[in-house]
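This report covers packing, empty space and backbone geometry in one protein model. Please keep the structure in view while reading.

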Amino acid sequence: MSETAPAPAPAPGAEPHPLRAVVLAGGLTFEREVSLSSGTQVWEELARAGLDAELRDADADLLPGLAASPADAVFIALHGATGEDGALRAVLDLAGVPYVGSPAAACRLAWDKPAAKSVVRTAGLTTPDWVALPHSTFRELGAGAVLDLMVARLGLPLMVKPASGGSALGVQKVGRVEDLPAAMVSCFAYGDTVLVERFVEGVEVALSVIDLGSGPEALPAVEIAPESGVFDYTSRYTPGLTEYHTPARLPEDVAARAAALAVEVHQVLGLRDLSRTDAIVSPDGEVHFLEVNVSPGLTETSMFPMAVEAAGYELGEVLARLLARRAGTGS
């Protein structure tokens with residue numbers, strides 16, 4: 001078998017060919033508009049960093065387009081199922097297209113919030129008690145009886161959220177038993193399975209992790225202070241309804257524990273390149289894992305870019321380095 005000849009060296013004085021990146025954004029989920037904002041921001045940052053970047057939607061033209069004009073690497077800025085449940089990444093694997101981010105199997109695990117919580121708890125990390133049930137259970141066994149058992153087991157208040165999904169769509173805090181049925185109905189609009197979790201009072205933090213080649217590194221925590229007290233969809237995307245503090249106003253030892261938790265979550269779930277863990281720090285300093293995002297928001301007001309800036313990095317440089325690693329041109 002003949003060996004493949006090495007690629008010719010560029011001519012003296014020739015400019016190296018810029019990395020060609022395709023940024024995927026949009027998709028057909030409830031989070032399409034947020035994804036388009038993230039993708040546009042990524043595309044602009046990569047262009048400023050000197051990359052040959054193209055913004056594409058995840059539609060029927062994607063695979064033919066990548067075949068006709070191959071990318072050195074793809075950056076997935078899709079939120080919701082399209083970008084985070086692992087299916088698209090499995091297709092990119094089939095096509096032999098390198099991409100930034102976690103592999104398909106790890107994404108499937110992280111996307112399933114109850115499954116991720118189980119793995120995290122087994123690893124010895126703290127997460128609020130929960131119950132996850134499909135809509136059919138309430139229909140077959142009687143919603144009233146099941147809800148009564150939930151309240152008896154978990155107490156009040158409760159957080160009601162879809163078992164998968166992002167951007168806090170369908171998430172509600174429930175403080176009264178009589179409000180629970182309506183919250184469940186609202187939640188089922190976003191998925192067939194609901195996660196009901198014991199509410200933990202405290203400071204909510206976003207804990208971003210990146211790996212630029214020397215192992216996962218936790219960035220400074222972003223403290224989230226919504227006016228309403230709950231970081232729901234409206235609080236996330238309505239200017240002025242939430243204050244952010246970077247780094248979070250935490251004691252040094254608590255900040256260190258939060259950072260360690262984020263890195264361990266990244267590792268035990270088999271994540272790669274970047275992630276963002278959402279957590280609550282209770283008044284006693286305990287850090288409680290809530291969920292992890294394999295495709296964190298990258299809009300101008302998103303928490304991942306805040307953390308990157310607080311760490312002293314340039315966002316475009318970080319994104320370019322992640323792409324270069326996946327393209328095989330970086331260390």
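A cavity is a set of grid points where a 1.4 Å probe fits but cannot get out, and its lining residues have an atom within 4 Å of a point. The model examined here is predicted.

**Cavities and the largest pocket**

A search of the whole structure gives 3 cavities of 30 Å³ or more. The second largest cavity holds about 90 Å³ of space. Its lining has 12 residues, and E84, A110, W111, G165 and V292 lie nearest the centre. At least two lining residues come from each of α5 (104–111) and β14 (287–293). By class, the lining of this second largest cavity has 5 nonpolar, 4 polar and 3 charged residues.

The largest pocket has a volume of about 480 Å³. Which residues lie nearest its centre? They are M159, E204, F231, I280 and L290, out of 34 that line the pocket. Two or more lining residues come from each of several strands, including β6 (158–162), β8 (193–198), β9 (203–210) and β13 (274–281). β14 is also one of the elements that give two or more residues to the largest pocket. The largest share belongs to β11, with 4 residues. The pocket lining has 16 nonpolar, 6 polar and 12 charged residues.

**Helix packing**

Two packed helices are described by the angle between their axes and the distance between the axes. Two pairs are set out here.

| Helix pair | Angle between axes | Axis distance |
|---|---|---|
| α1 (32–48) and α13 (315–327) | about 90° | 8 Å |
| α5 and α6 (113–122) | roughly 100° | within 5 Å |

How are α1 and α13 oriented to each other, roughly parallel or roughly perpendicular? With an angle of about 90°, they are therefore roughly perpendicular. On the α1 side, Q41, V42, E45 and L46 make the contact. On the α13 side, L315, G316, L319, A320 and L323 do so. These contact residues divide into 6 nonpolar, 2 polar and 1 charged.

For the second pair, the axes cross at roughly 100°. That crossing makes α5 roughly perpendicular to α6. L109, A110 and W111 of α5 meet K113, A115, A116 and V119 of α6. By class, this contact has 6 nonpolar, no polar and 1 charged residues. A110 and W111 thus appear in the helix contact and also among the residues nearest the centre of the second largest cavity.

**An aromatic pair**

The count of aromatic pairs comes to 1. The ring centres of F138 and F188 are 5.9 Å apart and their planes stand at 70°, so the pair is edge-to-face. The two rings link distant parts of the chain, 50 residues apart. F138 sits in helix α7 (residues 135–141), and F188 sits in helix α9 (residues 180–188).

**Backbone geometry**

Most residues other than glycine have a negative phi, and most peptide bonds are trans. Some sites depart from this pattern.

L156 and P157 are joined by a cis peptide bond, with omega about -5°. P157 is placed in the loop between α8 (143–154) and β6. The bond from T246 to P247 is cis too, with omega near 0°. P247 lies in the loop between β12 (242–245) and α11 (252–268).

D273 has a positive phi, near 75°, and is not a glycine. D273 falls in the loop between α11 and β13.

Key
Residues are numbered from 1 along each chain as its sequence is written. This is a predicted model: local features need pLDDT of at least 70, side-chain atom pairs count only at pLDDT 80 or more; totals for chains, interfaces and linings use all residues. Side-chain values use heavy atoms; hydrogens and water are left out. Axes are lines fitted to C-alpha atoms, for helices over the stretch in contact, and angles run from 0 to 180 degrees between N-to-C directions. Angles under 35 degrees count as roughly parallel, over 145 as roughly antiparallel, 65 to 115 as roughly perpendicular and the rest as oblique. Contact means heavy atoms within 4.5 Å. Ala, Val, Leu, Ile, Met, Phe, Trp, Tyr, Cys and Pro count as nonpolar, Asp, Glu, Lys and Arg as charged, and the others, Gly among them, as polar. On a 1 Å grid over the protein atoms alone, a cavity is a set of points where a 1.4 Å probe fits but cannot get out, and a pocket is an open set with protein on both sides within 12 Å along at least five of seven lines; lining residues have an atom within 4 Å of a point. Grid points are joined across faces, edges and corners, and a volume is the space filled by probe spheres set on the points. Rings of Phe, Tyr and Trp (its six-membered ring) pair if their centres lie within 6.5 Å; planes under 30 degrees apart count as stacked, over 60 as edge-to-face and the rest as tilted.
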